[in-house]
Amino acid sequence: MIDALADATQKLAHMGITTRHDVVGKMFQSLIVDRKFLATFYTRPTSAALISELAIGRLRHNWKDLDSYDQLRIADLSCGTGTLLSAAYRSSLMRFRRAGGDDSTIHARMIERAIIAADIMPAAAHLCASQLSSFHPTVAFGNTQVFTMPYGRIREEDGSERYAIGSLDLTDANHLSTLFTTGADQIKGVNNTAESSIRLPEHSLDLVIMNPPFTRPTNHALSEVPVPSFAGFDTSSQEQVAMSSRLKLLRRRLSSPMGDGNAGLATYFMDLAHAKVKEGGLIAFVIPKTLVSGASWAGVRRVLRQHYTNIVIVSIASANAKNLSFSADTNLAEVLLVAEQDDSCPQLCGGCAVLEPA
């Protein structure tokens, strides 16, 4: 049996399957035990290619300046296996080639500095790093900017405890410790060293691209679980309640929060993106279609009207509700959202009218 599997694997490798993140993502997604709680759904490659081109193509960047690519800051703070980030990276490298460069010469610097990823699942983060490195597998690099984030009850060195909620802890922090006894870590390169924290200053990112989890804190179908949105990794009832309290505290600290428990965790990830993207930068989300008119998404639409311009929303036209998703296996209507952060734009410009409440 092992010989047969090895032979099949070798044939697939010769076909180039190891560089296709769609296969890796599909396999990983189907193996996630806590999928119903983590709501981690794989972004289809075609969806990733579309949204990355919509976003990368609008970045305020001089693509002809071949020395400036590693100064970009492109992040997915709910990266999964890296489908979206890989697509965005591919779009960037394509522009480097069009400008006359050899993208293998900037691969190491881009991985070390420009491409930032975070997830609460160590295996997913490692797969993300593998997918990014596979663009030029023979090029060695130092440490990546791919992190696994602390989640659940964390015991500090002094014996005290705190509760972590993954990347969402970065909403009001410029850096966050990521090295814990749980195995959470920064993915290492050839120098085999790692920093102990992810550093992500406010308004420092050119592009935040995400397909965030959309679980809601309450779910009648899972009534025996206190807070389904934080029930992954076998967290206890106490941990779930404490993590939910932590999220509410972060929301109260924001001057104009978008997060709404009735809408789900996706709105809180939009708060995170809004805090980290720079003026003139872009946010790009695969997001539930309820963004457009749902009552619980009113806060998101308000912030988009006030702080963003050149808003593009892409949906799928189909009579079958199951065909309205940009992600795999969600059975949920979704849209692609790309918007440019610009606090100087008029709040009631015609281009944002689609986001006015019904």
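Which helix gives the most residues to the lining of the second largest cavity? The answer is in point 3, after the pocket and the cores. The model is predicted.

1. **The largest pocket.** This pocket holds about 250 Å³ of space. It is lined by 13 residues, and those closest to its centre are Leu254, Ser255, Ser256, His274 and Ala275. Helix α9, residues 265-276, supplies the largest share of the lining, at 3 residues. By type, the lining has 6 polar, 4 charged and 3 nonpolar residues.

2. **The nonpolar cores.** In soluble globular proteins, nonpolar side chains tend to be buried together. Here the largest nonpolar core has 47 residues. Met270, Ile283, Phe285 and Leu304 touch the most other members. Helix α9 gives the most to this core, with 7 residues. A second core is separate and has 38 residues, including Cys79, Phe141, Ile209 and Val286. Back in the largest core, take Ile283 as a point to inspect. Neighbours within four places in sequence are set aside here. Beyond them, Ile283 is in contact with Val208, Met270, Ala273, Val277 and Leu304. Its contacts also include Tyr308, Leu337, Val338 and Ala339.

3. **The cavities.** Rolling a probe the size of a water molecule over the atoms shows where empty space is left. Across the whole structure, 2 cavities of 30 Å³ or more are found. The second largest holds about 40 Å³. Its lining is made of Leu168, Thr171, Leu247, Leu250, Arg251, Leu254, Tyr268 and Asp271. Two elements, α8 (237-253) and α9, each give two or more residues to that lining. To settle the opening question, α8 gives the most, with 3 residues. By type, this lining has 5 nonpolar, 2 charged and 1 polar residue. Leu254 is on the list for this cavity, and Leu254 is also among the residues closest to the centre of the largest pocket.

4. **Helix α5.** This helix covers residues 83-98, which is 16 residues. From first C-alpha to last, α5 reaches 23 Å, close to the 22 Å expected at 1.5 Å a residue. Is α5 largely enclosed or largely open? It is largely enclosed by the rest of the structure, because 12 of its 16 residues are buried. The buried set starts with Thr83, Leu84, Leu85, Ser86, Ala87, Ala88 and Tyr89. It also takes in Ser91, Ser92, Leu93, Arg95 and Phe96. The set thus mixes side-chain kinds, with Arg95 in it as well as Leu84 and Phe96. After α5 comes Gly100, with a positive phi near 100 degrees.

5. **Positive phi at His203.** His203 is not a glycine, yet its phi is positive, at about 50 degrees. His203 is in the loop between β7 (197-199) and β8 (205-210). Its relative accessibility is 44%, so His203 counts as partly exposed: the class lies between under 20% for buried and over 50% for exposed.

6. **Positive phi at Asn310.** Asn310 is also not a glycine, and its phi is positive, at about 50 degrees. Where is Asn310 found? Its place is in strand β10, residues 308-314. Asn310 counts as partly exposed because its relative accessibility is 44%.

Note on methods. Residues are numbered from 1 along each chain as its sequence is written. This is a predicted model: local features need pLDDT of at least 70, side-chain atom pairs count only at pLDDT 80 or more; totals for chains, interfaces and linings use all residues. Side-chain values use heavy atoms; hydrogens and water are left out. On a 1 Å grid over the protein atoms alone, a cavity is a set of points where a 1.4 Å probe fits but cannot get out, and a pocket is an open set with protein on both sides within 12 Å along at least five of seven lines; lining residues have an atom within 4 Å of a point. Grid points are joined across faces, edges and corners, and a volume is the space filled by probe spheres set on the points. Helices (H or I, at least four residues) and strands (E, at least two) are DSSP runs, numbered from the N terminus. Ala, Val, Leu, Ile, Met, Phe, Trp, Tyr, Cys and Pro count as nonpolar, Asp, Glu, Lys and Arg as charged, and the others, Gly among them, as polar. A nonpolar core is a set of buried Ala, Val, Leu, Ile, Met, Phe, Trp, Tyr and Cys residues joined through side-chain atoms within 4.5 Å. Buried means under 20% relative accessible area, exposed over 50%, partly exposed in between (1.4 Å probe, protein chains only). Contact means heavy atoms within 4.5 Å. The expected span of a helix is 1.5 Å times one less than its number of residues.
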